[in-house]
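This briefing walks through one helix, the nonpolar core and the salt bridges of a single model. Please keep the sequence and the structure in view while reading.

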Amino acid sequence: MEPLDEQHCIKRAQEGDADAFGPIVTAYQQKVFNFIMGMTRDMAVADELTQEVFLKAWKALPRFRGESGFQTWLFQIAVNATRSWGRWKKVGLARFVSLSESAGSDQEEGTGYSTPQLADKHFDADPARQSESAGLQEQLKCAIDRLPPREKEVFHLRHYEDLSLKEIAQLMGIAEGSVKAHLFHALEKMRKFMEAPRHVV
């Protein structure tokens, strides 16, 4: 959606036009679902929380003043919803994923969600490289899922949702320097996880 079209839809939706909110949902629904799915690895939960996020966004939209970008504001709702669910489950977000449950397929049927991929331009040309790349994908998923909750959130928002450091800082309510620190520690831990022997990871 073009910025001007988005602003127009937001303004109309703030005035109570539910039809104007439809294009906003269409524009952001998959991104919100992908983020929540990446944090929970549970399709049913991701679907439920995605609906909850947009319901909360609709109700809160009259209070949106544009002090941050709309995407940043929306992801703040998504992060809070995911954290609330995590607290309710009484487990850390980094423990939501069971590798045995997620190793079967890189795309969940019917959702459009794809797990993070490592680029390999020779993937289709060499079966040996195919096998190697699949192993790296598995290590990558395991490394991400072992991150502490805050570092996992920052990593997903930066590398898979392509939010800027400033946007992440705004939606998480922390300093930009703290975002950089979380991201640095996440990358360092992931590097160590992926360099460790497979039976250790």
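At the start of helix α3 (helices being DSSP runs of H or I, at least four residues, numbered from the N terminus), a side-chain oxygen of Asp-42 reaches to within 3.1 Å of the backbone nitrogen of Ala-44. This is a predicted model, in which local features need pLDDT of at least 70 and side-chain atom pairs count only at pLDDT 80 or more, while totals for chains, interfaces and linings use all residues. Residues are numbered from 1 along each chain as its sequence is written, and side-chain values use heavy atoms, with hydrogens and water left out.

**Helix α3**

- The 18 residues of α3 (residues 43-60) should span 26 Å at 1.5 Å a residue (the expected span being 1.5 Å times one less than the number of residues), and the 25 Å between its end C-alpha atoms agrees with this.
- Buried residues in α3 (under 20% relative accessible area, with a 1.4 Å probe and protein chains only) are Val-45, Ala-46, Leu-49, Thr-50, Val-53, Phe-54, Ala-57 and Ala-60.
- Seen down the helix axis, these buried residues fall within an arc of 160° (taken from the directions from the axis to the C-beta atoms), so they line one face of α3.
- The face turned away from the buried side carries Ala-44, Glu-48, Gln-51 and Lys-59, which are exposed (over 50%, with partly exposed in between).

**Nonpolar core**

- In the largest nonpolar core (buried Ala, Val, Leu, Ile, Met, Phe, Trp, Tyr and Cys residues joined through side-chain atoms within 4.5 Å), which has 50 residues, Phe-70 and Leu-157 touch the most other members.
- Helix α2 gives the most to this core, with 11 residues.
- Not counting residues up to four places away in sequence, Leu-157 has contacts (heavy atoms within 4.5 Å) that include Phe-35, Phe-75, Val-79 and Ile-168.

**Salt bridges**

- The model has 11 salt bridges, each a side-chain nitrogen of Lys or Arg within 4 Å of a carboxyl oxygen of Asp or Glu.
- Glu-161 and Lys-31 meet in one of them, at 3.9 Å from N to O, and this pair links the loop between α7 and α8 with helix α2, 130 residues apart.
- Glu-161 counts as buried at 5% relative accessibility, whereas Lys-31 is partly exposed at 25%.
- Glu-151 and Lys-189 form another salt bridge, at 3.1 Å from N to O; Glu-151 lies in α7 and Lys-189 in α9, so the pair ties together parts 38 residues apart in sequence.
- Arg-41, Asp-145 and Lys-152 are linked in a network of salt bridges.

Methods:
Helix = DSSP H or I, 4+ residues; strand = E, 2+ residues; numbered from the N terminus. Polar contact = N/O pair within 3.5 Å; in protein donor to acceptor, adjacent residues only side chain to side chain.
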